[in-house]
Amino acid sequence: MKNNKYSALTLIALSMAAISPNTFAAQLPSDVTWVTNLDEPLFASPDAQRGGTYRTFMRSFPQTLRSVGPDANSGLRQYFMDEAPKLVQLHPTTGEWIPQLATEWAFGDDHKSVYFKLDPNARWSDGKKVTAEDYLFMLKYYRSKDIIDPWYNDFFINHIENVEKIDDYTIVITSKVAKSDDELLYMLSLPSNGVQPRPAHYFASVKDENNDGMDDNFVRKYNFKTEPTTGPYYVDKVKKGKSITFKHVGDEWWGYNNRYYKNRYNVDKIRIKVIRDQDIAKKHFEKGDLDSFILAQPELWHEKSNTKAYQNGYIHKLWGYNEAVQGAGGLWMNTAKPLLDDLNIRKGITYATDYDGLIKNVLRGDYLRKPHGLGTGHGGFDSPSRIPPKFEPEKAITYFEKAGFSTVGADGIRMNDEGQRLSFAVTYSRPARTPRLAYLKEQAKQAGLELTLNLIDGSSAFKYILEKKHELAYLTMGGGKIPAYWEYLHSVNAKPQTNNHTNYRSPEMDKKIAAFIAEFDTKKKQSISHDIQKMVSDAYVIVPGYMAPFTREAYWRWMQLPSPVMTKDTDFVFSNGGYLTLGTFWIDSDVKKETKTAMKKGQSFDPVVIIDDSYKP
């Protein structure tokens, strides 16, 4: 009997091992050193109050509630993925690592492996525990072809070697290549990389013909379903085409056991209403139907925010500077489109684009020019020798003539011998940017270049760009502390549904990117980064745009803020356009009643304008 029983157990074990290589626990080395960090300064206010509904807007209803797959980038992914807790995160001011879903972490001797102790208090929004199984499933989820997301497929196949379980609350994640400790943690904490648990219990009964842990009809089936989240808010109500309401998990949210989460995410609900026109949204805000409003455009801050509501102190204003990373952006040229595969044409467009004049004459000098098209704020990874190209229409003309556009038509636009006009459409997403594009359009005429404006409203614009239908794209992307070159520049991404918005292909660049990814030594890695930035500048595929190292926002006086308001990494103070931000604001219900009463009685308060220049460049 014992022999038969032993054989049966052995067969079962072998069968399980064949089904899942992660079934058995990995071994924890005896000499790992666990670290944590509970000593960084807090950035929320102990005076914060819980309660109330924060009301904001979005300009178009998302085409999906998925956080991966087709159209997910243009939806509400910030709420579902980018702002959801990671294993660890950088402190927004000191830049030191602080715990989130992991309470402690340790590094392997191979410079590839990171061990994490998971917070045993962590729960999904449906009450289920977050365990190592959710990280094992994460790997299956992102490697599955069923999610139809080549970016995540590639990252989790080619950058992540494995995710293994040590016990229910301890895991080890192994990188494909050796990296410094900081770089390993950074790779695993980037919002866009999605290294966060996926609810294995939620997908437990999915149809799985490919045996990859995912539903074979994932994209369609889950298009307007929302998974449980580890974050403080979950989707409560969806009114298609009209609004989405997020609801707080409650005081029992597991995150409040973490000192860095205390006094944050204070409102009970976040209601996001669809208001397609910004001017109409502004009117809703000034009537008190929205709680805050972005004043990024110079005319909004300097001129259009001086109505009686501001003068009477009902609405306050904030201009807060930051040292946040400025992502890649400017004017992206799709080299797969006719003429744009010609270097001379791209050079001509670059020198015919007057971004400096735009900053001075349209943006009131409030903004700064990016040194190159791949962004800035990456420390030693940014080359100090990169400077943005100036507006030189005569120089642009010489390049256009080299490309065969030597004839000037009656309207001043250049033509080649076949009568083809030197004309390109610029795709952009917001009507508020039309005056900026109009300025560039007029200046480009000095070089005989015609820029036509292709406004595609809302999330449809990014979908259009992802599908590589654009010629030129007026677009700025997000960014991280370490530049992301592979997604923007590698040849493998010169296809639809990727962030290689220029369709750029270069074997030399592919080699450089591979060297950048593989390099362990920080100084050498930074040197490679400088080479890549020079190669991009020399390829003339992105005209470097402008950047705003600040946020400008208006808010009703019942919206309360910590002091100081800003951290180094504060992009936005309030949740606007899909951003959860640091969630340090709160609603004072007594002040709201006081304000409403004063408005009815015609009483006023002192006007308030806060300028936080702690991190002004």
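## Strands 13 and 19 and their sheet

Gly329 has Thr476 of strand 19 as its opposite residue, and strand 13 (residues 329-333) pairs with strand 19 (residues 472-476) in the antiparallel sense over 5 bridges. Helices (H or I, at least four residues) and strands (E, at least two) are DSSP runs, numbered from the N terminus, and two strands pair if DSSP finds at least two bridges between them. This is a predicted model, in which local features need pLDDT of at least 70 and side-chain atom pairs count only at pLDDT 80 or more, while totals for chains, interfaces and linings use all residues. Residues are numbered from 1 along each chain as its sequence is written, and side-chain values use heavy atoms, with hydrogens and water left out.

Strands 13 and 19 belong to an open sheet of 5 strands with mixed pairing, in the order 18-17-19-13-20. At its edges stand strand 18 (450-455) and strand 20 (542-544), each with a single partner strand, so one side of each is left without a neighbour in the sheet. On average, neighbouring strands of this sheet are turned by 25° against each other, direction ignored.

## Helices beside this sheet

Helix 13 (residues 434-444) lies across strand 17 (423-428), strand 18 and strand 19, and runs at about 165° to strand 18. Such angles run from 0 to 180 degrees between N-to-C directions, with axes fitted as lines to C-alpha atoms, for helices over the stretch in contact.

In helix 10 (residues 343-351), 7 of the 9 residues are buried, so this helix is largely enclosed by the rest of the structure; buried means under 20% relative accessible area, exposed over 50%, and partly exposed in between (1.4 Å probe, protein chains only). The buried residues are Ile345, Arg346, Lys347, Gly348, Ile349, Thr350 and Tyr351, and what covers them includes strand 13, strand 17, strand 19 and strand 20, together with helix 12 (393-402) and helix 17 (522-539).

## Helix 3 and helix 4

Helix 3 (residues 132-143) packs with helix 4 (residues 150-158) at an angle of about 130°, their axes being 7 Å apart. The two helices are therefore oblique to each other, a word for angles that are not under 35 degrees (roughly parallel), over 145 (roughly antiparallel) or 65 to 115 (roughly perpendicular). Met138, Leu139, Tyr142 and Arg143 in helix 3 meet Tyr152, Asn153, Phe156 and Ile157 in helix 4, where contact means heavy atoms within 4.5 Å.

Of the 12 residues of helix 3, 9 are buried, so the helix is largely enclosed by the rest of the structure. Among these buried residues are Ala132, Asp134, Tyr135 and Phe137, and the buried residues of helix 3 pack against elements including helix 2 (77-82), strand 5 (113-118), helix 4 and helix 6 (218-221).

## The sheet of strands 1, 10, 9 and 8

Another open sheet has 4 strands in the order 1-10-9-8, with mixed pairing. Strand 1 (53-58) and strand 8 (233-239) stand at its edges with a single partner strand each, so one side of each has no neighbour in the sheet. From one strand to the next, the twist averages 20°. Strand 9 (residues 243-248) and strand 10 (residues 269-274) run antiparallel and are joined by 5 bridges; Thr245 has Arg271 in strand 10 as its bridge partner.

## The loop around Asn223

Asn223 lies in the loop between helix 6 and strand 8. Its C-alpha atom is separated by 9.4 Å from that of Ser67, 156 residues apart along the chain. Not counting residues up to four places away in sequence, Asn223 touches Gln63, Thr64, Leu65 and Arg66.
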